[in-house]
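This report describes the sheet, the helices packed on it and the aromatic pairs of one protein model. Please read it alongside the sequence and coordinates shown here.

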Amino acid sequence: MTDAPRVEWDMDAYVRRVRAACYVCELLAGNPEYFHHVAHRDEIAVVYLCKYPSLWGHLMVAPIEHKEHLVGDFAPDEYANLQAVVYRAGRALTAVIETERLYLLSLGSQQGNRHIHYHLVPLPPGVPYEDQQLAAMAVSKGFLDPPFEEMERLAAAIGAAMREAHVELP
């Protein structure tokens, strides 16, 4: 659903929300105030749709265990296992949504959104070059507000594609 309406970004409300609690830990605990559409969850990571998607299909991957530093908090095998989930999520996402380029970012800060998480953002084909990359995810464009049912269907489709795309890495 690429024709979902856009909602203006309320930075003050967002900052209050991400500083109030660890949203990933609250999501994992089942707190309804931090609901996200989960596509996949295993002992390593949770894969879920972004609550404030910049583009249709904006997907997130976070480790189950609360970790705050991208490399400093992981043993090499833990990091590799998380990256394997990111890879599978990316394969599943691009199997479900037509994608010209898949963007992968790790955002967050010690001041908010401390729990490590990755953004997998599918750029649809045909976007003019000047509207790609960081411009495609600019806060000034607001975020998509698709219907709940569309998000539910997309999460289910990505989850099914992840089950089919189980990849053994060396």
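Two strands are taken as paired if DSSP finds at least two bridges between them. The model is a predicted one. By that criterion E3 and E4 are partners, running antiparallel with 5 bridges between them.

## The sheet

The sheet is open and has 5 strands in the order E2-E3-E4-E6-E5, with antiparallel pairing. Strand E2 (38-41) and strand E5 (101-106) each have a single partner strand and stand at the edges, so one side of each has no neighbour in the sheet. From one strand to the next the twist averages 15°.

Strands of a sheet pair through backbone hydrogen bonds, either parallel or antiparallel. E2 pairs with strand E3 (residues 45-49) in the antiparallel sense over 3 bridges, and a hairpin of 3 residues joins E2 to E3. E4 and E6 also run antiparallel and are joined by 3 bridges. Individual partners across these pairings are listed below.

| Residue | Partner residue | Strand of the partner |
|---|---|---|
| His-40 | Val-47 | E3 |
| Arg-41 | Val-46 | E3 |
| Leu-49 | Leu-59 | E4 |
| Met-60 | His-119 | E6 |

How many residues of E4 are buried? The count is 5 of 5, and E4 is mostly covered. Leu-59, Val-61 and Pro-63 point one way from E4, whereas Met-60 and Ala-62 point the other way, and all are buried.

## Helix H3

Helix H3 (residues 76-96) lies across E2, E3, strand E4 (59-63), E5 and strand E6 (118-123), and runs at about 25° to E6. H3 has 21 residues and spans 30 Å from its first C-alpha to its last, close to the 30 Å expected at 1.5 Å a residue. Its buried residues are Leu-82, Ala-84, Val-85, Val-86, Arg-88, Ala-89, Gly-90, Ala-92 and Leu-93. The cover over these buried residues of H3 includes E2, E3, E4, E5, E6 and H4.

## Helix H4

Helix H4 (residues 148-164) is made of 17 residues and reaches 25 Å from first to last C-alpha, close to the 24 Å expected at 1.5 Å a residue. Met-151, Leu-154, Ala-155, Ile-158, Gly-159, Ala-161 and Met-162 are the buried residues of H4. They cover an arc of only 165° around the axis, which puts them on the same side of H4. An α-helix has 3.6 residues a turn, so residues three or four places apart point the same way. On the other side of H4, Arg-153, Arg-163 and Glu-164 are exposed. The buried residues of H4 pack against E2, E3, E4 and H3.

## The loop between H2 and E2

His-37 is placed in the loop between H2 and E2. Is His-37 buried or exposed? With a relative accessibility of 11%, His-37 counts as buried, because buried means under 20%. Leaving out residues up to four places away in sequence, His-37 touches Val-47, Tyr-48, Leu-49, Phe-148, Met-151, Glu-152 and Ala-155. Among these contacts, Met-151 and Ala-155 are buried residues of H4.

## Aromatic pairs

A pair of aromatic rings is described by the distance of the centres and the angle of the planes. The structure holds 8 aromatic pairs. In one of them, Trp-9 and Tyr-14, the ring centres are 5.0 Å apart and the planes are at 50°, so the pair is tilted. Tyr-14 is partly exposed, with a relative accessible area of 23%. Trp-9 and Tyr-14 form one aromatic cluster together with Tyr-52 and Phe-143.

The aromatic pair of Phe-35 and Phe-148 is stacked, at 5.8 Å centre to centre with 25° between the planes. Which parts does this pair tie together? Phe-35 lies in the loop between helix H2 (23-29) and E2, and Phe-148 lies in helix H4, so the pair ties together parts that are 113 residues apart in sequence. Phe-35 is partly exposed, at 38% relative accessible area. Phe-148 is also partly exposed, at 42%.

Conventions. Residues are numbered from 1 along each chain as its sequence is written. This is a predicted model: local features need pLDDT of at least 70, side-chain atom pairs count only at pLDDT 80 or more; totals for chains, interfaces and linings use all residues. Side-chain values use heavy atoms; hydrogens and water are left out. Helices (H or I, at least four residues) and strands (E, at least two) are DSSP runs, numbered from the N terminus. Axes are lines fitted to C-alpha atoms, for helices over the stretch in contact, and angles run from 0 to 180 degrees between N-to-C directions. Contact means heavy atoms within 4.5 Å. The expected span of a helix is 1.5 Å times one less than its number of residues. Buried means under 20% relative accessible area, exposed over 50%, partly exposed in between (1.4 Å probe, protein chains only). The arc is that of the directions from the helix axis to the C-beta atoms. Rings of Phe, Tyr and Trp (its six-membered ring) pair if their centres lie within 6.5 Å; planes under 30 degrees apart count as stacked, over 60 as edge-to-face and the rest as tilted.
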